[in-house]
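Me: I would like to go through this structure step by step. Please keep the answers short.

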Amino acid sequence: MDVGIIGGTGPAGRGLALRLAAAGMSVAIGSRDTARAAGAVGELTGTWSARIAGGLHGVANEEAAAARIVVLATPWDGAVQAASGLAGPLAGKVLVSMANALVREGREMLALIPPRGSVAAAVQAALPRTRVAAAFHHLPARDMGDLDSGLIADVLVCADDPEATAETMSLVERIEGLRPLDAGSLNQAAAIEAFTAVCVTLNMRHHAHSTLKLAGI
Ligand SMILES: NC(=O)c1ccc[n+]([C@@H]2O[C@H](COP(=O)([O-])OP(=O)(O)OC[C@H]3O[C@@H](n4cnc5c(N)ncnc54)[C@H](OP(=O)(O)O)[C@@H]3O)[C@@H](O)[C@H]2O)c1
């Protein structure tokens, strides 16, 4: 498999899997329950089979973790535990964390501060032999999961390992309409994750599906 997605059955994981498979990649949608993973693949192929140039496979999270590059797409409060349970297969690999620690309060999303400042940093601390990157935080799952949505966005990528940054940027580049931007070390994940609260609040208040696009770079 080119890409494995841990927690790939949710809207975010599915949307990412669809975009990567449409770009010709072989993608493993991982789950704690292989039947749920197979169901997600069935739904995606049922709608988009004609535009999936690569492949989609429903697998257990353990199998997804064996892919060449792995994305962590569980809710933020399960991310460290889910990744820690896969420390063996994830050793030496690039693991891309896309989790945002957010809580809804009325018509607003608020950012929570996880231990070590970000979900990505907490995962890196738990898995010292894995090269953790952070990316994909600001992409609305609904647009990722609709190949007709005309998605155009910048994706901020950060990591402590330069190769992890480079591999993650290459992954982002595979998806039509996305521009990866090197945003620095994993320290930046705190601000990147927290800023998602602002993005989602804007979308709620303006009934929009906006994405992040930076001018002047
Ligand atoms: N939704 C968005 O628009 C969006 C955009 C960018 C980033 N994100 C981030 O991406 C992540 C996934 O978002 P989502 O909306 O797809 O989330 P979700 O639907 O709540 O969860 C994704 C999947 O994670 C698995 N899961 C749930 N709890 C778990 C736990 N405690 N331990 C291990 N696995 C667990 C479930 O899969 P199984 O039950 O099949 O194992 C679930 O389908 C979140 O951290 C979110 O902040 C979301």
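Me: Which residue with positive phi follows helix 1?
Reply: The model is a predicted one. Just after helix 1 comes a glycine with phi near 100°. That residue is G24.

Me: How far apart are the end C-alpha atoms of helix 1, and why does that agree with its number of residues?
Reply: Helix 1 has twelve residues, and the expected span is 1.5 Å times one less than that number. The span should therefore be 16 Å. The distance between the end C-alpha atoms agrees with this, at 16 Å.

Me: How many residues of helix 1 are buried?
Reply: Helix 1 is mostly covered. Its buried residues include A12, R14, L16 and R19. They pack against several elements, among them strand 1 (3–6), helix 2 (34–48) and helix 7 (141–144). Of the twelve residues in helix 1, the number buried is eleven.

Me: Which element gives the largest share of the largest nonpolar core?
Reply: This core has 70 residues, and I5, V27, L72 and V123 touch the most other members. The largest share is seven residues, and it comes from helix 1. Among the contacts of I5 are G13, L16 and A17, which are buried residues of helix 1.

Me: Which helices each supply at least two residues of the shell around the ligand?
Reply: There are 24 residues around the ligand, and G7, G10, S31, G78 and A99 come nearest. By class, twelve are nonpolar, nine polar and three charged. The helices asked for are helix 1 (11–22) and helix 4 (76–84).

Definitions and conventions:
Residues are numbered from 1 along each chain as its sequence is written. This is a predicted model: local features need pLDDT of at least 70, side-chain atom pairs count only at pLDDT 80 or more; totals for chains, interfaces and linings use all residues. A residue is near a molecule or strand if its C-beta atom, placed from the backbone, lies within 6 Å of it. Helices (H or I, at least four residues) and strands (E, at least two) are DSSP runs, numbered from the N terminus. Ala, Val, Leu, Ile, Met, Phe, Trp, Tyr, Cys and Pro count as nonpolar, Asp, Glu, Lys and Arg as charged, and the others, Gly among them, as polar. A residue is buried if 20 or more other C-beta atoms lie within 10 Å of its own, exposed if 12 or fewer, and partly exposed in between; C-beta atoms are placed from the backbone. Two residues are in contact if their C-beta atoms, placed from the backbone, lie within 7 Å. A nonpolar core is a set of buried Ala, Val, Leu, Ile, Met, Phe, Trp, Tyr and Cys residues joined through C-beta atoms within 7 Å. Lists of a residue's contacts leave out its neighbours within four places in sequence.
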